[in-house]
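Thanks for asking me to look this one over. Here are my notes, set out point by point so that you can follow along in the viewer.

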Amino acid sequence: MKSPKVSAKIKQHILVAMADPAYSRAIRAMLAVDHYRLSYALDTHSAIELLQKKSFDAIILNAVPWKASRKSQGRKIIRAAAGTPVVVLPAGNSGTAAAIRAFGVDARYLSWNHVDGALLAATISSVISIHREGLALRESEDRFSRVFRSAPGMYAISTPKDGRHVDVNEAWLKTMGYRRHEVIGKTTNELNLWPYPKDRKQLLKEMAKMGSVRGFDTQLRTRKGHILDVQIAGEMIEVGGQSHLLLVAFDITERKQAEIQIKQSEERARAAEKVISEALENISEGFSIYDSEDRLVSWNQTWLDIYQCTLENIRPGMKFEELNRIDVKRKVIDKNWKSGEDYLKERTAHRRRLKGSYEFKLSSGKWVSVRERRTSDGGIVAIQTDITEFKRIEESLRKSRDELELRIHERTRQLREEVEERKRTMAALRVSEQRLRDMAEAVADWQWETDEKLRYTYFSDSARKALQIDPARMIGKTRSSLVASSFDDLQSEKWLQHADDLKNFRPFRDFQYAYKHPEGFILHLRVSGKPVFDEKGKFTGYRGSGSNITAQIEAETIAASAQRQLNDAIEGISDALILFDSDDRMVMCNSRYREIFSPIDDKLVPGLEFKELSRLVSKSRIFTQADVSPEKWLKERLARHKKENMRYEQSLNNGRWVNVTEYPTSDGGILILLTDITELHQSEEELRKARDQAEVANRAKSDFLAGMSHELRTPLNAIIGFSDAMRTELFGPIGQPRYIEYLDNIHDSGIHLLQLINDILDISKIEAGVTELNESWFLISPAIDRALRLVKSRAVEGSVSLSKNIPRKLPLLCGDERRFLQVVLNILTNAIKFTPGGGKVKIIAKLENNGDMVIRISDTGMGIKKADLKKVMTEFGQVNNNLAKPKEGTGLGLPLSKGLMEMHGGTLSLESKIRVGTVASLRFPAHRVGKG
């Protein structure tokens with residue numbers, strides 16, 4: 001039979017303490033040995049020793065027979081257990097009660113009278129589970145406490161109802177400026193924590209609805225009264241069985257300030273854009289701008305009106321030629337004046353010349369003159385002017401001479417007929433003259449009449465539409481009873497004067513008042529009236545007319561508000577601003593301008609001429625340039641005034657710098673802005689000083705490297721010479737073969753170090769400007785062949801193929817042939833070094849159309865990342881490449897080659913692509929290339 005599989009479950013280790021052999025056997029019989037591993041301790045001493053040496057899952061403490069010694073022994077074992085769960089087995093009810101009193105209520109008790117294996121195993125399992133859950137809970141609480149204390153956010157635990165603080169972390173205390181004892185137990189009201197208590201109510205409302213809250217923006221007050229902008233996240237947690245708020249707040253004050261600054265910048269930008277837009281829209285001429293590619297950029301409404309266009313068929317980016325063809329297709333141009341093709345040819349030709357103006361006739365009958373000029377960026381500004389009236393006058397003058405006699409004859413005949421007509425109509429005019437005169441004096445939206453007690457007795461039918469009410473509802477009421485008391489005071493001077501006019505039967509005109517409509521809205525009315533008397537001269541009432549001027553009043557209110565907003569915007573900008581009208585007289589300036597020109601603040605009044613203002617400034621010691629010669633400064637300032645695109649800098653005597661800019665306005669005036677550029681000037685000065693220091697440091701470095709290179713070459717030459725003599729055994733054999741290998745390493749290392757020093761010396765000479773070229777005319781093909789022979793063995797060793805393509809008739813090159821060979825060798829060596837086995841290195845030369853000679857050396861290596869191209873062209877600049885041999889290369893070959901090419905007036909450039917290869921281009925300028 002197969003033996004049963006042994007359970008892989010870990011056995012629980014149980015200590016059986018104070019049980020004699022009989023009780024121990026009974027316990028062992030009750031517990032399955034497959035689930036438990038039992039250890040026994042008959043007395044207290046052995047039990048404590050086991051607890052100190054081993055770890056137990058639980059302890060079974062035998063309390064039978066019960067006696068005084070059992071009490072002290074059991075307590076010692078429980079203390080030594082250090083939290084290990086204990087199951088007590090007393091005898092009978094009296095023994096159980098005694099054990100409970102002796103050992104406390106933390107232990108589990110089972111009477112020997114009732115215990116069995118299942119009950120004992122269940123009890124052990126229960127106490128172990130409870131113990132482990134308690135440990136896990138304490139560990140979880142410890143982790144939460146550590147996270148809570150050290151978290152960077154401002155954590156706080158408080159009661160939901162009154163915000164009484166149970167705990168806060170160090171970040172909360174540091175940010176809010178409190179000590180812990182000043183916060184714990186205090187409510188938010190006692191700490192005066194929330195500037196806006198409604199925010200806390202809203203937070204509680206959202207948490208009650210969602211159970212948590214995220215991204216809640218509000219403000220908190222610190223101990224010193226500072227207001228912080230914070231963003232809060234919160235959860236509902238239980239502490240001691242009761243719900244509490246766990247809130248974490250992050251200080252976003254700096255972010256809020258940044259958002260405010262961004263918003264202010266956007267508002268200033270929108271205000272500036274609005275001023276420019278309004279200026280363009282308010283000019284009476286058509287205005288359009290095209291970019292350097294003759295594409296439409298911007299226009300005003302007058303331009304659209306002239307060409308009868310709408311925003312539906314015009315869009316930015318349309319070519320000028322396309323717009324002209326659209327005009328012809330839409331028949332905007334008068335076809336009787338000129339055909340479409342002729343117009344396109346003439347318009348295009350004039351556009352190329354940009355001389356004078358171009359006149360054309362529209363199908364609407366209007367004549368337009370176009371003036372165009374080119375902008376600094378290559379674009380074109382076009383101004384379209386309506387010259388229809390001018391053309392009409394011109395045509396009229398041509399025809400006036402021929403038509404003069406005919407018009408005189410026709411006018412004479414018309415005068416005779418008019419005299420006869422006047423006689424016929426004179427009688428009818430007399431009848432209606434009085435009625436028409438009364439109506440004409442007060443023609444408006446409606447007519448009205450009152451009785452002698454000033455109560456309305458009549459309204460014309462037009463009052464229904466004008467007042468949006470049945471006029472019958474106002475019959476029998478006086479004007480004062482219908483007034484809107486919230487707008488008009490019947491005891492005001494206006495109403496008292498009106499009442500006096502009515503009392504003395506005087507006519508009145510354009511009396512304005514507010515009327516409250518039955519539906520609640522307010523109408524603004526204007527009435528005129530005259531008293532009416534019967535044939536006996538008795539006053540019978542008033543008769544007059546009225547108008548609804550609500551729209552006019554509202555428009556005036558909006559205009560006044562807009563004017564206030566404009567004034568606020570002007571005052572809010574950081575630049576100093578002053579505005580002059582077309583007569584060069586001051587209109588207004590903002591407070592920033594008055595601040596800069598405070599010495600003459602009392603003279604800055606509307607009407608001040610620009611010339612007089614400049615004279616006052618030249619004598620006020622505001623600008624440093626005016627201190628030396630006020631007359632010279634004044635002359636230069638007046639010469640700059642009103643010049644196109646005028647912009648210049650001035651320094652103030654208080655140490656600040658300003659940029660002065662003049663902008664022409666649409667009405668012929670001038671807007672002058674002074675912008676503070678002090679920080680820009682300071683930055684430029686700091687950059688200049690840093691550049692000078694860098695140049696001094698670079699020269700010192702070059703001098704040091706040049707000197708050190710010469711000092712190192714002398715001992716290195718000695719090392720190379722002696723090692724070469726020893727490894728060739730010039731003066732006799734060397735007994736130990738390993739020494740020959742060492743000498744080879746010494747010799748190769750010396751050669752490598754000497755090459756490095758030579759490169760450093762060459763670079764130092766180039767940087768110090770002491771390198772001289774031994775120039776001559778030479779053919780590059782032999783020099784390139786020599787370079788290929790020198791690197792051939794290295795290419796064969798690396799399994800890299802070499803090839804060249806040099807034209808036979810390539811002209812001579814003027815330069816230092818040795819330096820040319822040095823550059824080509826450096827590039828070829830790098831190409832072979834970074835090309836894997838089986839790869840190719842190719843060198844080609846050609847003469848380009850502009851006369852430059854270019855030599856390109858390409859490889860099929862792993863390539864160089866775009867981000868590393870700049871690095872490899874600097875001294876000691878190397879990049880990681882798995883193909884490079886260990887300890888090869890110094891990072892000086894490319895910088896040295898670049899310097900030598902620049903000494904020839906040429907360039908060295910690299911183009912590379914990862915896993916494709918690299919191309920190095922040597923370009924010599926045309927003046928160094930022979931003519932044939």
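1. A salt bridge here is a side-chain nitrogen of Lys or Arg within 4 Å of a carboxyl oxygen of Asp or Glu. Arg464 and Asp470 form such a pair, their closest N and O atoms being 3.4 Å apart. Arg464 is partly exposed at 47% relative accessibility, and Asp470 is partly exposed as well, at 32%. Please keep in mind that this is a predicted model.

2. How many salt bridges does a search of the whole structure find? The count is 37. One that may be worth a look joins the side chains of Glu235 and Arg214, at 2.4 Å from N to O. This pair links distant parts of the chain, with Glu235 in strand β9 (residues 227-239) and Arg214 in strand β8 (residues 212-221), 21 residues apart. Glu235 is partly exposed, with a relative accessible area of 30%, whereas Arg214 is exposed at 54%.

3. Strand β8 also holds Asp217, which is 39 residues apart from its partner Lys256 in helix α10 (residues 253-282). The closest N and O atoms of this salt bridge are 3.8 Å apart. Lys256 counts as partly exposed at 23% relative accessibility, and Asp217 is partly exposed at 36%. Elsewhere, Asp294, Arg347, Arg351 and Glu372 are linked in a network of salt bridges.

4. Now to the nonpolar interior. The largest nonpolar core has 41 residues, and those with the most contacts inside it are Ile780, Phe820 and Ile855. Among the elements that give it two or more residues are α24 (780-797), α25 (817-833), β29 (840-847) and β30 (853-859). Which element gives the largest share of this core? That is α25, with nine residues. Beyond its neighbours within four places in sequence, Ile855 is in contact with residues including Ile780, Phe820, Ile843, Leu922 and Phe924. Another core, of 28 residues, lies apart from this one and includes Ile596, Leu608, Phe610 and Ile672.

5. Phe610 also belongs to helix α19 (residues 610-618), where Leu613, Ser614, Leu616, Val617 and Ser618 are buried along with it. The cover over the buried residues of α19 includes α18 (591-596), α21 (630-640), β24 (657-664) and β25 (670-676). Is Ser614 buried or exposed? Ser614 counts as buried because its relative accessibility is 3%, and the cut-off for buried is under 20%. Not counting residues up to four places away in sequence, Ser614 touches Trp633, Leu634, Arg637 and Leu638.

6. Strand β21 (576-580), also part of the cover over α19, pairs with strand β22 (residues 586-589) in the antiparallel sense over three bridges. Phe580 has Met586 of β22 as its bridge partner. The two strands form a hairpin with five residues between them, and Asp584 in the turn has a positive phi of about 65°.

7. Two surface sites round this off. Pro507, in the loop between α16 (493-503) and β18 (508-516), is exposed with a relative accessible area of 55%. Setting aside residues up to four places away in sequence, Pro507 touches Gly529, Lys530 and Pro531. Pro507 and Arg543 are 36 residues apart in sequence and 9.6 Å apart in space, C-alpha to C-alpha. The other site is a nonpolar surface patch of Trp777, Leu779 and Leu812, with about 290 Å² of accessible area together. Trp777 sits in strand β26 (residues 776-778) and is partly exposed at 48%.

Technical notes. Residues are numbered from 1 along each chain as its sequence is written. This is a predicted model: local features need pLDDT of at least 70, side-chain atom pairs count only at pLDDT 80 or more; totals for chains, interfaces and linings use all residues. Side-chain values use heavy atoms; hydrogens and water are left out. Buried means under 20% relative accessible area, exposed over 50%, partly exposed in between (1.4 Å probe, protein chains only). Helices (H or I, at least four residues) and strands (E, at least two) are DSSP runs, numbered from the N terminus. Contact means heavy atoms within 4.5 Å. Patches are made of residues with over 30% relative accessible area and no salt bridge: like charges are joined within 9 Å, nonpolar side chains (Val, Leu, Ile, Met, Phe, Trp, Tyr) within 5 Å. Accessible areas come from the Shrake-Rupley method with a 1.4 Å probe; for residues, only the protein chains shown count as cover. Two strands pair if DSSP finds at least two bridges between them. A nonpolar core is a set of buried Ala, Val, Leu, Ile, Met, Phe, Trp, Tyr and Cys residues joined through side-chain atoms within 4.5 Å.
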